[in-house]
Amino acid sequence: MGNKETLNLKIDLLLNGVALAGKFDLGSRAFLNSVSDGVHFVIFEDVYITTSIKANSPYILCRDETTNAIFLKGKEITYPLKVEIIPEGKYFGIKTSDGTSMENIGTFQTDRLRISAYKGCGFVMNDEGCKFCEASHVKIQRKNRLEHISELVKYTECYEERIKHYLVSGGTPPDDGWEHFVDVCRTIRENTQKPMYAMISPPPELNIIKQIVDTGVQDIAINIELFNSNLSAKIIKGKNRVGINNYFKALEYAVTLLGNGGSVKSLLVVGIEDYNDTLRGVEELAKRGIMPILSVFKPIKGTLLENYPMPKKEDLIPIWETAQSICERFSLTLGPLCKCCQNNTLTLPINNKYFKYE
Ligand code: SF4
């Protein structure tokens with residue numbers, strides 16, 4: 001398959017999900033309805049995909065009884081495609097010394113452990129959550145405790161060789177919650193030397209970004225999501241209140257700390273706003289040395305945008321091509337660079353800037 005056909009298949013799988021035929025070793029998160037949960041699998045060795053399980057999908061993951069191999073069959077595949085399913089992290093079912101389930105502390109995704117500093121989002125607490133986000137109707141916010149995080153990372157460092165890097169994310173911290181975010185990064189670093197990536201909103205003081213980087217975080221994402229200000233005011237109210245200028249200020253400051261080679265990133269959701277707005281956003285990011293990441297909009301059940309139309313597959317390939325060429329004009333490529341982290345993005349590992357953590 002050529003790049004466009006492969007991306008076409010990836011987009012179709014992201015939008016339509018997969019049905020299952022047979023028994024698979026999947027954790028309970030595989031059955032959640034969210035942007036980052038679902039079944040994680042790889043096609044063509046380095047095209048990572050995370051998508052929802054949907055009984056009526058035109059694509060089916062099926063197991064061959066004789067060889068035990070897993071295949072993808074579907075309307076767009078002229079032959080069954082061999083795939084590798086990525087099972088749940090080994091800490092699933094393990095408890096910390098005070099009896100807390102480790103799967104409630106962090107989430108394994110393809111090659112990384114995502115740890116939230118806070119469960120819940122500060123914007124949601126203020127009724128300003130992003131309308132496409134599955135967290136936007138969960139009005140609870142609490143700290144993920146440092147001792148739990150420490151125990152989980154110690155465990156995964158010993159027993160989970162598939163974890164190659166750590167992502168610190170979660171919803172927007174409360175205004176007085178940034179010290180805890182920095183402490184979470186520090187706690188992870190005390191237990192591992194593996195790469196760390198932080199996904200944050202612009203903190204109240206730029207110096208907090210420096211504190212995060214000083215803990216050993218190598219990559220930072222501050223996600224703009226939408227570039228059209230009218231739509232931002234309606235769909236991502238909290239982010240809109242902070243203001244896109246403050247997002248750019250925080251991103252530009254992060255570039256002064258981490259450089260302009262792709263360590264500072266920002267995600268735009270494709271398919272809610274006009275594609276030209278998204279591409280303007282790509283240009284504004286790339287010209288500042290910030291790596292754009294495109295995420296395909298999926299209307300998640302239970303969110304305020306559950307009935308919003310899905311983007312059309314045929315529109316997305318030209319968006320990817322244009323966004324990729326904008327990035328190349330500024331010596332960048334579309335992010336993320338880690339192939340395993342491309343699982344829910346409009347990206348293909350088409351050049352040697354893309355890599356896998358060893
Ligand atoms: S800031 Fe993040 S966690 Fe909070 S509502 Fe928006 S997308 Fe969801």
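**Ligand shell, strand pairing and helix packing**

The ligand is surrounded by Cys121, Phe123, Val124, Gly129, Cys130, Cys133, Ala135, Ser136, Gly171 and Thr172. A residue is near a molecule or strand if its C-beta atom, placed from the backbone, lies within 6 Å of it. Six residues of this shell are nonpolar, four are polar and none is charged. Here Ala, Val, Leu, Ile, Met, Phe, Trp, Tyr, Cys and Pro count as nonpolar; Asp, Glu, Lys and Arg count as charged; the others, Gly among them, count as polar.

The model is predicted: local features need pLDDT of at least 70, side-chain atom pairs count only at pLDDT 80 or more, and totals for chains, interfaces and linings use all residues. Residues are numbered from 1 along each chain as its sequence is written.

Strand E8 spans residues 112–119. Helices (H or I, at least four residues) and strands (E, at least two) are DSSP runs, numbered from the N terminus. Six of the eight residues in E8 are buried. A buried residue has 20 or more other C-beta atoms within 10 Å of its own; an exposed one has 12 or fewer, and a partly exposed one falls in between, with C-beta atoms placed from the backbone.

E8 pairs with E7, E9 and E10. Two strands pair if DSSP finds at least two bridges between them. Strand E7 (residues 106–109) runs antiparallel to E8, over four bridges. Thr107 has Arg114 of E8 as its bridge partner. Two residues separate E7 and E8 in a hairpin, and Thr110 in the turn has a positive phi of about 55 degrees. E10 (residues 165–170) pairs with E8 in the parallel sense, over six bridges. Val168 of E10 stands opposite Ile115. E9 (residues 142–143) is antiparallel to E8, over two bridges. Lys143 in E9 is the bridge partner of Tyr118.

A second set of pairings involves E2 (residues 39–43). E2 and E3 (residues 47–51) are antiparallel over five bridges. They form a hairpin with three residues between them, where Phe44 in the turn has a positive phi of about 50 degrees. E2 also pairs with E6 (residues 81–85) in the antiparallel sense, over two bridges. Phe41 has Ile49 as its bridge partner in E3 and Ile85 in E6.

Helices H3 (residues 146–159) and H4 (residues 178–191) pack at about 30 degrees, with axes 9 Å apart. Axes are lines fitted to C-alpha atoms, for helices over the stretch in contact, and angles run from 0 to 180 degrees between N-to-C directions. H3 and H4 are therefore roughly parallel (angles under 35 degrees; over 145 is roughly antiparallel, 65 to 115 roughly perpendicular, the rest oblique).
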